[in-house]
Amino acid sequence: MGKVYDVIVIGGGQSALAVAYYLRRSGLNFLLLDKEPAPGGSWQYAWESLSLFSPAQWSSLPGVIAPGGAAYYPSRDETIAYLRDYEQRYNFPVERPVDVTSVSNVAGIFVLETPRGTYQSRAVVSATGSFTNPIIPAIEGREEFGGVVIHSSEYRSPAAFVGQRVAVVGEGNSGAQILAELSRVADTLWVTLKPPSFLPDEVDGRYLFDAATRQYEARRQGKDFRPPSLGQIVMVPSVKDARARDVLHSVPAFDRFMKNGIGWKDGRTEPVDAVIFCTGFRPSLKHLHPMLPVLPDGKAGTEGTRSTAVPGLWLVGYGNWTGFASATLIGVGRSAKKTVDEIVNYLIKHTL
Ligand code: FAD
């Protein structure tokens with residue numbers, strides 16, 4: 001039998017790094033396997049102009065405050081640099097690019113298959129995010145449509161759409177921000193399943209995190225407190241600018257594609273050259289099938305981050321269902337710490 005690590009973390013984005021930070025302190029012997037050739041996780045594929053909706057101080061992993069302070073909103077490239085520096089500072093053991101294609105458990109040992117060979121560990125943390133599993137709704141006539149159809153995960157900049165008529169689908173932050181940027185160079189049509197809901201101008205990710213923390217504490221004390229939700233649109237500068245240009249109007253979801261455009265049941269049609277679906281993601285858990293049963297919404301059974309179906313497996317960073325605010329830089333530290341505490345206890349019970 002080859003080397004058996006105490007823990008293997010699948011992924012190399014912010015969630016994997018937060019777990020690595022606490023694993024390093026635990027003294028366990030661990031390894032990160034990341035599919036990407038370079039550090040930064042999915043931030044490497046975000047659109048060029050994307051910046052964080054929380055100031056640097058509220059966008060930091062445990063141990064290192066992101067540079068910029070309490071009033072600075074880091075850019076995509078600064079976030080990638082922060083994650084790269086974080087990884088180097090702590091000298092985490094990361095192998096990349098390594099795509100974990102399947103995980104099984106043989107007599108209490110996890111066996112991870114990759115194109116680079118097999119890896120083994122006593123515990124596994126999956127921190128693979130959602131970016132590689134975009135949701136695009138099935139809409140009639142798509143094959144007939146002569147234009148371009150992409151998901152927000154494929155959008156990089158407005159350059160490819162200059163002078164075109166573009167439908168942007170989705171009432172979340174991605175939809176609003178892509179619409180705002182594109183509307184400066186293209187004729188845009190904003191398509192939303194429900195009317196978009198905008199947060200007050202002064203509310204950003206920092207406020208949302210603080211409010212969500214208050215809700216968490218209130219619930220623990222059996223009280224009721226409902227903060228605004230991140231499902232609402234944060235008024236980042238580009239969206240405020242779009243509002244000033246009066247382009248934040250939306251139409252309801254369309255029902256079919258046609259050769260040159262899109263159409264609604266009531267007979268209305270609109271010519272468009274491109275459609276960009278900003279319709280979200282599902283957790284990237286394919287590598288854990290069939291060992292881990294996945295629910296119809298793409299999630300899996302967990303208690304905190306611990307899998308309820310597979311002993312020795314933890315899921316970190318996928319959103320609130322795997323820990324409060326765990327899909328954010330500031331929130332994932334908390335679930336990472338708790339995860340590593342649980343892993344230490346698990347390994348003491350099962351192997352030592
Ligand atoms: P990822 O960053 O996706 O990293 C997962 C890593 O795992 C990747 O490197 C991937 O290649 C790798 N991987 C996947 N599958 C495998 C496999 N089978 N084997 C090996 N490796 C694998 N968050 C904030 O905190 N503040 C913000 O302001 C903010 N703004 C956002 C704006 C937008 C428009 C979006 C879409 C997200 C935003 N987020 C923000 C959220 C944040 O980008 C993500 O939640 C975060 O990147 C998730 O980190 P992660 O490490 O869990 O996943």
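Which residue has a polar side-chain atom that lies 3.0 Å from an oxygen atom of the ligand? The residue is Ser42, and the legends below begin with the ligand in this predicted model.

**Figure 1. The ligand and the residues around it.** The view is centred on the ligand, which has 28 residues around it. Of these, Ser15, Asp34, Glu36, Phe53 and Leu329 come nearest. The shell consists of 11 nonpolar, 13 polar and four charged residues. Three polar approaches to the ligand are described here. A polar side-chain atom of Ser42 is placed 3.0 Å from an oxygen atom of the ligand. A polar backbone atom of Lys35 lies 3.0 Å from a ligand nitrogen atom. A polar backbone atom of Phe53 lies 2.7 Å from an oxygen atom of the ligand. The ligand taken alone exposes 1,000 Å², and the protein buries 89% of that area.

**Figure 2. Arg96 and its polar partners, Asp34 and Glu87.** Arg96 belongs to the loop between strand 3 (94–95) and strand 4 (102–106). With a relative accessibility of 16%, Arg96 falls under the 20% limit and therefore counts as buried. The side chain of Arg96 makes a polar contact of 2.7 Å with the side chain of Glu87. A polar contact of 3.1 Å connects the side chains of Arg96 and Asp34. Arg96 and Asp34 also form a salt bridge, with 3.1 Å from N to O. This pair links distant parts of the chain, 62 residues apart, since Asp34 is in the loop between strand 2 (30–33) and helix 2 (76–89). Both Arg96 and Asp34 are buried. Beyond its neighbours within four places in sequence, Arg96 is in contact with several residues, among them Gly12, Glu36, Pro37, Ala38, Pro39 and Arg116.

**Figure 3. Salt bridges in other parts of the model, including Arg243 with Asp201.** Side chains of opposite charge can pair when their charged atoms come close. The count for this model comes to 16 salt bridges. In the salt bridge between Arg243 and Asp201, the closest N and O atoms are 2.9 Å apart. Arg243 lies in helix 5 and Asp201 in the loop between strand 9 and helix 4 (205–220), so the pair ties together parts that are 42 residues apart in sequence. Arg243 is partly exposed at 40% relative accessibility, and Asp201 is partly exposed at 35%. Another salt bridge joins Arg306 and Glu303, with the closest N and O atoms 3.2 Å apart. Arg306 is partly exposed, with a relative accessible area of 30%, whereas Glu303 is exposed, at 52%. Arg165, Asp187, Arg268 and Glu270 are joined into one network by salt bridges that share partners.

**Figure 4. Helix 3 and the elements that cover its buried residues.** Helix 3 spans residues 173–182. Nine of its 10 residues are buried, so helix 3 is largely enclosed by the rest of the structure. The buried residues are Asn173, Gly175, Ala176, Gln177, Ile178, Leu179, Ala180, Glu181 and Leu182. The cover over these buried residues includes strand 8, strand 9 (187–192), helix 5 (237–244) and strand 14 (274–277).

**Figure 5. Ser152 and the residues it touches.** Ser152 is situated in the loop between strand 7 (148–151) and strand 8 (165–169). Its relative accessible area is 5%, which is under the 20% limit, so Ser152 counts as buried. Not counting residues up to four places away in sequence, Ser152 touches Trp47, Ser174, Ile178, Ile276, Phe277, Cys278 and Phe281. One of these residues, Ile178, is also among the buried residues of helix 3.

**Figure 6. Ala309 and its contacts, Leu292 and Pro293.** Ala309 is part of the loop between strand 16 (306–307) and strand 17 (313–315). Ala309 has a relative accessible area of 42%, between the limits of 20% and 50%, and is therefore partly exposed. When neighbours within four places in sequence are left aside, Ala309 is in contact with Leu292 and Pro293. From C-alpha to C-alpha, Ala309 and Pro293 are 7.4 Å apart in space, while they are 16 residues apart in sequence.

Key
Residues numbered from 1 in each chain as written. Predicted model: local features only at pLDDT ≥ 70, side-chain atom pairs only at ≥ 80, totals over all residues. Heavy atoms only, no water. Near = heavy atom within 4 Å. Polar contact = N/O pair within 3.5 Å; in protein donor to acceptor, adjacent residues only side chain to side chain. Areas by Shrake-Rupley, 256 points an atom, 1.4 Å probe, with all protein chains shown as cover. Nonpolar A, V, L, I, M, F, W, Y, C, P; charged D, E, K, R; others polar. Helix = DSSP H or I, 4+ residues; strand = E, 2+ residues; numbered from the N terminus. Buried < 20%, exposed > 50% of the residue type's maximum accessible area, 1.4 Å probe, protein only. Contact = heavy atoms within 4.5 Å. Salt bridge = Lys/Arg side-chain N within 4 Å of Asp/Glu carboxyl O.
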